[in-house]
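Please look through the sequence and the structure shown below. The paragraphs after them go from the cross-links of the chain to its overall make-up.

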Amino acid sequence: LAALRLWAGVYLLALRPRLVVQSRLQCRLSASAEGGMSISPPKALPDLLRAANGSLHLCGGIIALPVRNTGSMWLRTLRARLTGTEEALELLDPDATFDVAPGQLRLVPLRLRVRRGATLSCPWGARLAVTARRDGGGELSRSVSLRGGECRDPSQSIVCSFGDHDGAVSQVLYLVVELAFFWCERELFCLNSFGEP
């Protein structure tokens, strides 16, 4: 085995085990780009609620965008902007900036809303462009697609997002349960929509 100096970043290390069955594993090390940034799609999107009057609302409208700093320098003034859906969606605070430490994965909270009178197809989605300034100079830019946002009407269960007390983005599910009440031999029974007591 040889000793190596590794810079901050993401590495994949595979070792050859000593087993009865011979298998071939590889060891591949590659340094991350200095000041690199990677962005993943959010794990959850809020549902789009179609109101009875035809208006559209994102339930909560907050998403947590995962941004990873794969370099050894800080990423400063990280900003997001919508691309391609300017007529339908808007960021509520487009001038908000964030910093991401080296090696850190930060869930950047972004607030979205549907513009008044706009239309969106279902399932809804959007595209975000993210820029950041690297300590020591240079600007990085990446883009990510938001896909799979469901559309609901008020009679359906709906997923909403909200900002938790500590600033984290969380989701809550509002369930719509249809109940049927009837009298039978002087007892009150409550049946849900599945016919179970």
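A disulfide is a pair of cysteine sulfur atoms within 2.5 Å. The model discussed here is predicted, and a search of the whole structure finds 2 disulfides. One of them is formed by C59 and C160, whose sulfur atoms are 1.5 Å apart. C59 sits in the loop between β3 (56-58) and β4 (62-69), while C160 belongs to strand β12 (residues 158-163), so this disulfide ties together parts that are 101 residues apart in sequence. The torsion about its S-S bond is 65°, and the link of C59 and C160 is right-handed. C59 is buried, with a relative accessible area of 17%, and C160 is buried too, at 5%.

The other disulfide joins C122 to C151, with an S to S distance of 1.7 Å. C122 is in the loop between β8 and β9, and C151 is in strand β11 (residues 151-152); the two are 29 residues apart, and the pair links distant parts of the chain. The disulfide of C122 and C151 is left-handed because the torsion about its S-S bond is about -95°. Is C122 buried or partly exposed? C122 has a relative accessible area of 39% and is partly exposed, whereas C151 is buried at 16%. With bonded cysteines counted along the chain, the disulfides follow the pattern 1-4, 2-3.

C122 also takes part in a backbone feature: the peptide bond from C122 to P123 is cis, with omega near -5°. P123 lies in the loop between β8 (105-114) and β9 (124-134). Another backbone feature is found at T77, a residue other than glycine with a positive phi, near 45°. T77 is part of strand β5 (residues 75-83) and is partly exposed, with a relative accessible area of 32%.

Charged side chains add further links, and the structure holds 5 salt bridges. One of these is between R152 and D47, with N to O at 3.3 Å. R152 lies in strand β11 and D47 in the loop between β1 (37-39) and β2 (48-50), 105 residues apart, so the pair links distant parts of the chain. R152 is partly exposed, with a relative accessible area of 25%, whereas D47 is buried at 3%.

A salt bridge also connects D135 with R76, their closest N and O atoms being 3.3 Å apart. D135 is in the loop between β9 and β10 (139-149) and R76 is in strand β5, 59 residues apart. D135 has a relative accessible area of 23% and is partly exposed; R76, at 24%, is partly exposed. In E90 and R115, the closest N and O atoms of the salt bridge are 3.4 Å apart. E90 lies in strand β6 (residues 89-91) and R115 in the loop between β8 and β9, so their salt bridge ties together parts that are 25 residues apart in sequence. E90 counts as buried at 17%, and R115 is partly exposed at 34%. Salt bridges that share partners join R76, D99 and D135 into one network.

As for the overall make-up, the protein has 0 helices and 15 strands. Of its 197 residues, 29% are buried. Among contacts with a separation of 6 or more, 59% are between residues 24 or more positions apart. The accessible surface comes to about 13400 Å², and carbon and sulfur atoms account for 53% of this surface.

How values were computed
Residues numbered from 1 in each chain as written. Predicted model: local features only at pLDDT ≥ 70, side-chain atom pairs only at ≥ 80, totals over all residues. Heavy atoms only, no water. Helix = DSSP H or I, 4+ residues; strand = E, 2+ residues; numbered from the N terminus. Buried < 20%, exposed > 50% of the residue type's maximum accessible area, 1.4 Å probe, protein only. Contact = heavy atoms within 4.5 Å. Areas by Shrake-Rupley, 256 points an atom, 1.4 Å probe, with all protein chains shown as cover. Salt bridge = Lys/Arg side-chain N within 4 Å of Asp/Glu carboxyl O.
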